[in-house]
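Open the model in your viewer and keep the selection box handy. We will go from one stop to the next, picking residues and looking at what surrounds them.

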Amino acid sequence: PDVALLPQPGLIRQLAQEGAALSIGTVSPQLREEVADHFDELMPTVSVDEQVYGVPWRVDVSSLIWYRPDVFDEWQYAVPRSVEELGELVTQMVSDGFVPWCIGIESFEATGWVGTDWIEDLVIRQQGLDFYDRWAAGEVPFDSQPIRRAFTTWDEIALSPELHFGTTRTILNTPWAEAAGPMLDPDPGCLLHRQAGVWGQELPDEFAIGEDVDLFPVPPGEAGEVDPIIVKGEFATALTSRPGVAELMSFLIDIDSGAIWAQQGGYVSPHPDFDPENYTNDFDRRLHDFIQSADAVRFDGSDTMPPSVGTGSFWEGIVQFVGTRDLDLAVAVIDSGARDPGDE
């Protein structure tokens, strides 16, 4: 194709290094300045040797927790203001006879990505932005204390048998889009579901967001000078310089390019100054507001990593960790994806 919409900055950088993708400046020198004016927080993820190879086109909020507001009201549960309070809430729910979490990570050949989102949210909240950036760039091994700590925290607040619906087999074999089903039952089988905004599109029509189910951003942690949001999304990357490519890329950079998509629903613009009146439903507008009110925005860490890790061994390591709770095995599996085959 002339232009590809790709969800993984790590893949975009790999294509650039292989000479298969064109930098924005190569397509059109003026595009580079337009990109810098709008997307400074996301640009490092699609840059190689100070050249930019992608334009953000669509984003989705990853750092979200869905919940049952009627149960929260009845039991006077409060939306947690920190990761520590989230752990306390989970403990209280168990004490009250509830199962806190719905979790399902099955996604065909991509099984495991749901777990990577958990680890990313914990790493950025426990270690801060600079550490997260270095880790997502592939500069920090998984077999390091900060990353091990994130896995241990996930285990403590979500993976113990009393903390999630069903068994370990349930987590491994339940498709991600169906995982929150027990939360929707009249007598809910769980009360919390950590999943990106895309899950709102999987919600049955009879359930209203903000009434039957609601959501809040994953709360901040002790790294704490910022309250971050992690986003997923797609970047437009030019693979040829044929006529029309520069014009299309320029259009995608333009702040109004997403207005038609926003009016159709299921789209959130990456533009900081995008007019929220373009959104035709409250849910898309809320996702937009979550991003705009965050102290910092970072792209999904696994999608930013080199593909052999981020969309390879990281997924596999998550499956190993959920299945065995063996952290040594999990980090060894993940770090193996970062090795140059010539080193073996």
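Which residues line the largest cavity? This is a predicted model, and a good way into it is to select Ile65, Val83, Leu86, Trp101, Trp118, Asp121, Leu122, Ile157, Arg194 and Val218, which form that lining. The space they enclose comes to about 80 Å³, and the structure holds one cavity of 30 Å³ or more. Colour the lining by class and you will find eight nonpolar residues, no polar ones and two charged ones. Now show the helices: α5 (83–95) and α6 each supply at least two lining residues, with α6 giving the most, three.

**Next stop: the largest pocket**

Stay with α6 (113–127), since this helix also supplies at least two residues to the lining of the largest pocket. The other elements that do so are β4 (55–61), β8 (228–238), α12 (282–293) and α13 (301–304). To find the middle, select Asp60, Val198, Lys232, Gly233 and Glu234, the lining residues that lie nearest the pocket's centre. In total, 26 residues line this pocket, and the space in it is about 490 Å³. Its lining is mixed in class: eleven nonpolar, seven polar and eight charged residues.

**A serine in a loop**

Now select Ser269, in the loop between α11 (259–264) and α12. Is Ser269 buried or exposed? Ser269 counts as buried because its relative accessibility is 2%, below the 20% cut-off. Show the neighbours: beyond four places in sequence, Ser269 is in contact with Val59, Phe274 and Tyr279. Then draw a distance from the Ser269 side chain to the backbone nitrogen of His271; a polar atom of that side chain lies 3.0 Å away.

**Helix α7 and what covers it**

Select residues 129–136, which make up helix α7. Its buried residues are Leu129, Phe131, Tyr132, Trp135 and Ala136. Turn the view so that you look down the axis of α7: the buried residues fall within an arc of 160°, so they line one face of the helix. The pattern has a simple background: an α-helix has 3.6 residues a turn, so residues three or four places apart point the same way. Bring up the surroundings, and you will see that the cover over these buried residues includes α6, α8 (145–159), β8, β9 (296–299), α13 and α14 (307–324). Just past the helix, pick Gly138, which follows α7 and has a positive phi, near 85°.

**From α7 to Val226**

Keep Leu129 on screen and add Val226, since the two touch. Val226 also touches Pro220 and Asp295, and this valine sits in the loop between β7 (214–217) and β8. With a relative accessibility of 18%, Val226 counts as buried. For a sense of scale, draw a line from its C-alpha to that of Val319: these two atoms are 30 Å apart, with their positions 93 residues apart along the chain.

**Last stop: two positive phi values**

Finish with two residues other than glycine that have positive phi. Asp49 has a phi near 50° and lies in the loop between β2 (47–48) and β3 (51–52). Phe108, in the loop between α5 and α6, has a phi near 55°. Switch on the surface for both: Asp49 counts as exposed at 72% relative accessibility, and Phe108 counts as exposed at 69%.

Technical notes. Residues are numbered from 1 along each chain as its sequence is written. This is a predicted model: local features need pLDDT of at least 70, side-chain atom pairs count only at pLDDT 80 or more; totals for chains, interfaces and linings use all residues. Side-chain values use heavy atoms; hydrogens and water are left out. On a 1 Å grid over the protein atoms alone, a cavity is a set of points where a 1.4 Å probe fits but cannot get out, and a pocket is an open set with protein on both sides within 12 Å along at least five of seven lines; lining residues have an atom within 4 Å of a point. Grid points are joined across faces, edges and corners, and a volume is the space filled by probe spheres set on the points. Helices (H or I, at least four residues) and strands (E, at least two) are DSSP runs, numbered from the N terminus. Ala, Val, Leu, Ile, Met, Phe, Trp, Tyr, Cys and Pro count as nonpolar, Asp, Glu, Lys and Arg as charged, and the others, Gly among them, as polar. Buried means under 20% relative accessible area, exposed over 50%, partly exposed in between (1.4 Å probe, protein chains only). A polar contact is a pair of N or O atoms within 3.5 Å; within protein, one must be able to donate a hydrogen and the other to accept it, and residues adjacent in sequence count only if both atoms are side-chain atoms. Contact means heavy atoms within 4.5 Å. The arc is that of the directions from the helix axis to the C-beta atoms.
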